[in-house]
Amino acid sequence: MNAPHPGALPRRKLPIGLQSFVKLREEDHYYVDKTGLLIDLIASGSYYFLSRPRRFGKSLLLDTFKALFEGERSLFDGLVAETRWDWTRRHPVIRIDLGSGVLQSRAELDQRVHEILLDVQRDLGLPDPVGYDSVTGQFAELIRLAHAKFGATVVVLIDEYDKPILDNITDRETATAMRDGLRNLYSVLKGADAHLKFVFITGVSKFSKVSLFSGLNNLKDITLDARYSALCGYTDADVDTVFAPELPGLDREEIRRWYNGYNWLGTSVYNPFDLLLLFDTREFKPYWFETGTPTFLVNMLTSRHWFTPDLTRTVATETLLSAFDVDMIESEALLFQAGYLTIDSVWAIPGRKEFTLKYPNKEVQASLNDSLLRVLTGGARYSEPQVSRLYRLLQAQDVAGLRGLFHAFYASIPHDWYRTNDIAKYEGYYASVFYSHFAALGLDIRVEDTTNHGRIDMAVEFDSAVWVFEFKVVELVPAGQALQQIKDRGYADKYLGRSGPVHLVGVEFSRDSRNIVGFETETLG
């Protein structure tokens, strides 16, 4: 259903890729007002850390903090901050942005930080540093000099704090050197407390305090604070109000399915990059996913024999989601922090929380499984045509055609790929490949039981039909148990009584022949 016409609201410029708060406000771009949340943060603390996936507006957030503390009142006309902020207060701001370029050594990191601090020093009208051989000494002196010159405590904003490490994450030695260099830099904040008004640090990953912020005990992590779940990103209400002029001609529910769903224990949000490009091109595409294909993530998941149906309901503790360091990268933490999984539900007892994770939306489900399929099956030339044909068969409700499709597909994977690739030797491989074909289409999939990695019970809703699959790995001879199990356990019962048919499909696969040996079907309704 298309969104209603919003009336006479004017269309504004779309701030695609815009990170400058000044430019956004002065050039009449759309702006979702987050300034009330910013003032709440400033009023309740001084040292903050926030982890969010890439392209979620973190840089714009820091630029807004900068304009606020520098007293740029005219930029906040009509925003919440206009009446809530004391515009007589001004503070010098030191902003460190480590997001540009790729640094490949500790020496390059120190040189980049030196250049950033030198630019800040000159922007503040302070003399160039003299007699400091280290960036830590330069940083500490910059904070002291800024406080002395302006007679006001200093604001420090650090953007992409972890990028030098993440850019080298596959090279443990270099990543460790980067981590140690950054820990050295951030340690300055601990001893500069008397000179500091406010500190905000943000990035993609959530390295442990011990590894990067040792001693900075007053750093408050708001990554999973429900009050600030929508600090970055657009809410449903934002889309319906601020971006109302862009909605006519677009299916509002499809916008939700494709791009909404990121959640950090509070209000769910959309990735801004996706929405802005959708409004610009008027076409649904995986814009966010395409800007950074997660090669390292996909390779890690496949090398660790990740059972792809588990992506629909991964369970992790709060501690596990924070367990990220050069020497210990947990799959669940990386998937969550990078934005490929998000929080679905929480189970809590005093002192402990467990999170059930899920895909945030259709874009991530389809794109991630498409990338996984390429690795699981030896390349896009095998998986890409297969996924397209699967869609057409489901659309036509061609039950018999499914067997031919998957039989031909498994047979098309070269024997040499199986022989040389360890991926194909783990128990859940064949079920993962089967599941990820459907997930790559972004379909509504429910996985009922993933306790046995040799099998899956999966329901797919598509158009008016429901497909219930049971996938089993057997020896050479089909046992006829897959379809029977669907019926014995009543997997399809919840879907009966609908207007459309319910297709039961039992699939049995042989490891020895590496192909389907049993494919039984029955249609109800």
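Phe406, Phe409, Tyr410, Tyr429, Tyr430, Phe434, Phe438, Trp467, Phe469, Phe471 and Phe509 come together as one aromatic cluster in this structure, which is a predicted model. A search of the whole structure finds 43 aromatic pairs, and two of these are set out in the table below. A pair of aromatic rings is described by the distance of the centres and the angle of the planes.

| Ring pair | Distance of centres | Angle of planes | Class |
|---|---|---|---|
| Phe198 and Phe200 | 6.3 Å | 20 degrees | stacked |
| Phe434 and Phe469 | 5.6 Å | 75 degrees | edge-to-face |

For Phe198 and Phe200, the planes meet at 20 degrees, and because stacked pairs are those with planes under 30 degrees apart, the pair is given that class. Phe198 and Phe200 are both buried.

For Phe434 and Phe469, the planes stand at 75 degrees, so the pair falls in the edge-to-face class, which takes angles over 60 degrees. This pair links distant parts of the chain, since Phe434 belongs to helix H22 (residues 429-439) and Phe469 to strand S13 (residues 465-474), with the two positions 35 residues apart in numbering. Phe434 has a relative accessibility of 1% and therefore counts as buried, while Phe469, with a relative accessible area of 2%, is buried as well. Both residues are among the members of the aromatic cluster named at the start.

Aromatic rings also meet charged side chains in this model. Arg54 lies over the face of Trp288, at 4.4 Å from the ring centre, and the charged end of Arg55 sits over the ring of Phe273, 4.3 Å from the centre of that ring.

How values were computed: Residues are numbered from 1 along each chain as its sequence is written. This is a predicted model: local features need pLDDT of at least 70, side-chain atom pairs count only at pLDDT 80 or more; totals for chains, interfaces and linings use all residues. Side-chain values use heavy atoms; hydrogens and water are left out. Rings of Phe, Tyr and Trp (its six-membered ring) pair if their centres lie within 6.5 Å; planes under 30 degrees apart count as stacked, over 60 as edge-to-face and the rest as tilted. Buried means under 20% relative accessible area, exposed over 50%, partly exposed in between (1.4 Å probe, protein chains only). Helices (H or I, at least four residues) and strands (E, at least two) are DSSP runs, numbered from the N terminus. A charge sits over a ring if NZ of Lys or CZ of Arg is within 6 Å of the ring centre and within 35 degrees of the ring normal.
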